[in-house]
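The following exercises concern pockets, burial and charge pairing in a single protein chain. Each task is followed by a solution in steps.

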Amino acid sequence: DLEKAGKTNEEQQKLWEPKPIEELYDLNKDPFETQNLAHSPKYEQIKATLKARLHEWMLESHDLGLLAEPEYMIRSSSSTPYEYGKGGDYAVEKILWEAENVGVATEKELIPGLQDKESGVRYWAVMGIRQLESINDETSKILKRLLRAESASVKIVASETLSHFGHQEGTIEVLEKWVQDDSPWLALMAARNLLLVGSNARPAIPIMYSVLEKN
């Protein structure tokens with residue numbers, strides 16, 4: 001209510017602003033994390049060290065957080081997410097590389113990822129595209145092809161991304177399909193993306209009410 005009334009202070013208002021790609025805080029001097037030091041030359045070496053350590057830890061632990069929840073639940077349906085993550089089928093290095101491109105890579109640099117065979121890479125390439133200010137026609141065509149991809153997670157984020165850039169055709173239908181799925185992970189992911197679509201998702205309201213009642 002305060003934000004809508006324009007009464008938030010500088011720190012409170014940050015909750016409504018885009019998050020920076022990198023954050024670094026001195027927790028001794030700044031325990032509430034209000035001063036982001038990520039771009040301060042004084043802390044460049046500390047940031048580089050921590051960034052490298054995090055990168056290596058994600059690789060060593062086979063961090064499943066690099067996959068959308070529906071993705072790793074589907075992939076691990078015959079075992080457990082833990083066992084899937086530790087197995088040889090999880091292309092963690094390739095997926096992490098693409099995830100680290102989000103907010104950094106250009107549209108041209110993200111295009112190969114949109115067409116990669118690994119759905120985890122395609123997911124992060126779409127998320128990278130979503131952070132851009134605009135996209136060209138060729139990129140929108142590739143995103144539209146992803147609406148027919150085998151990965152539901154990729155379809156869902158591609159739908160919202162297309163809608164965000166003004167390409168509405170077929171996007172709400174995809175989200176309507178998956179929000180009705182019996183898998184709670186897929187239904188929740190689709191519901192979240194319908195929320196992000198905003199007013200263009202109004203045709204889905206009756207379905208959303210029925211899903212709410214069902215669950």
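**Exercise 1. Overall composition**

What percentage of the 215 residues in the protein is made up of buried residues?

Solution. The model is a predicted one. Step one takes the burial criterion, a relative accessible area under 20%. Step two applies it to the 215 residues of the protein, of which buried residues make up 41%. Step three adds the secondary structure: the protein has 12 helices and 0 strands. Step four gives the extent, since the C-alpha atoms fill a box of roughly 50 × 50 × 40 Å along the principal axes.

**Exercise 2. The largest pocket**

Determine the volume of the largest pocket, and state which helix gives the most to its lining.

Solution. Step one concerns volume: the largest pocket holds about 1100 Å³ of space. Step two identifies the lining, which comprises 26 residues, and those closest to the pocket centre are Pro20, Ile21, Glu22, Ala99 and Val102. Step three assigns elements. At least two lining residues come from each of helix H2 (44-60), helix H5 (92-99) and helix H7 (119-130); H2 gives the most, with 6 residues. Step four classifies the lining of the largest pocket as 13 nonpolar, 4 polar and 9 charged residues.

**Exercise 3. The second largest pocket**

Describe the second largest pocket by its volume and by the classes of its lining residues.

Solution. Step one: about 350 Å³ of space lies in the second largest pocket. Step two: its lining includes Glu11, Lys14, Glu17, Pro20, Tyr25 and Asn36. Step three: the residues of this lining divide into 6 charged, 4 nonpolar and 2 polar.

**Exercise 4. A network of salt bridges**

Which residues are linked with Glu22 in a network of salt bridges?

Solution. Step one recalls the criterion: a side-chain nitrogen of Lys or Arg must lie within 4 Å of a carboxyl oxygen of Asp or Glu. Step two tests Glu22 and Lys47, whose closest N and O atoms are 2.8 Å apart, and a salt bridge is therefore assigned. Glu22 lies in the loop between helix H1 (10-13) and H2 and Lys47 lies in helix H2, so this pair ties together parts 25 residues apart in sequence. Both Glu22 and Lys47 are buried. Step three tests Lys51 and Glu22, which meet in a salt bridge at 3.0 Å, N to O. Lys51 is also in helix H2, so its pairing with Glu22 ties together parts that are 29 residues apart in sequence. Step four combines the pairs: Glu22, Lys47 and Lys51 are linked in a network.

**Exercise 5. Asp116 and Asp63**

Which residue forms a salt bridge with Asp116, and how far from Asp63 is the nearest side chain of opposite charge?

Solution. Step one: Asp116 forms a salt bridge with Lys94, with 3.0 Å between the closest N and O atoms. Asp116 is in the loop between helix H6 (107-114) and H7, and Lys94 is in helix H5, so the pair ties together parts 22 residues apart in sequence. Step two compares accessibility with the cut-off: Asp116, at 19%, counts as buried, whereas Lys94, at 41%, is partly exposed.

Step three turns to Asp63, found in the loop between H2 and helix H3 (69-75). Asp63 is buried yet has no salt bridge, and the nearest side chain of opposite charge, Lys86, is 9.6 Å away. Step four looks for a polar partner: the side chain of Asp63 reaches the backbone nitrogen of Gly65 at 2.8 Å.

Conventions
Residues numbered from 1 in each chain as written. Predicted model: local features only at pLDDT ≥ 70, side-chain atom pairs only at ≥ 80, totals over all residues. Heavy atoms only, no water. 1 Å grid on protein atoms, 1.4 Å probe; cavity = no way out; pocket = protein on both sides within 12 Å on 5 of 7 lines; lining within 4 Å. Points joined across faces, edges and corners; volume = space filled by probe spheres on them. Helix = DSSP H or I, 4+ residues; strand = E, 2+ residues; numbered from the N terminus. Nonpolar A, V, L, I, M, F, W, Y, C, P; charged D, E, K, R; others polar. Buried < 20%, exposed > 50% of the residue type's maximum accessible area, 1.4 Å probe, protein only. Lys, Arg positive; Asp, Glu negative; His and termini not counted. Polar contact = N/O pair within 3.5 Å; in protein donor to acceptor, adjacent residues only side chain to side chain.
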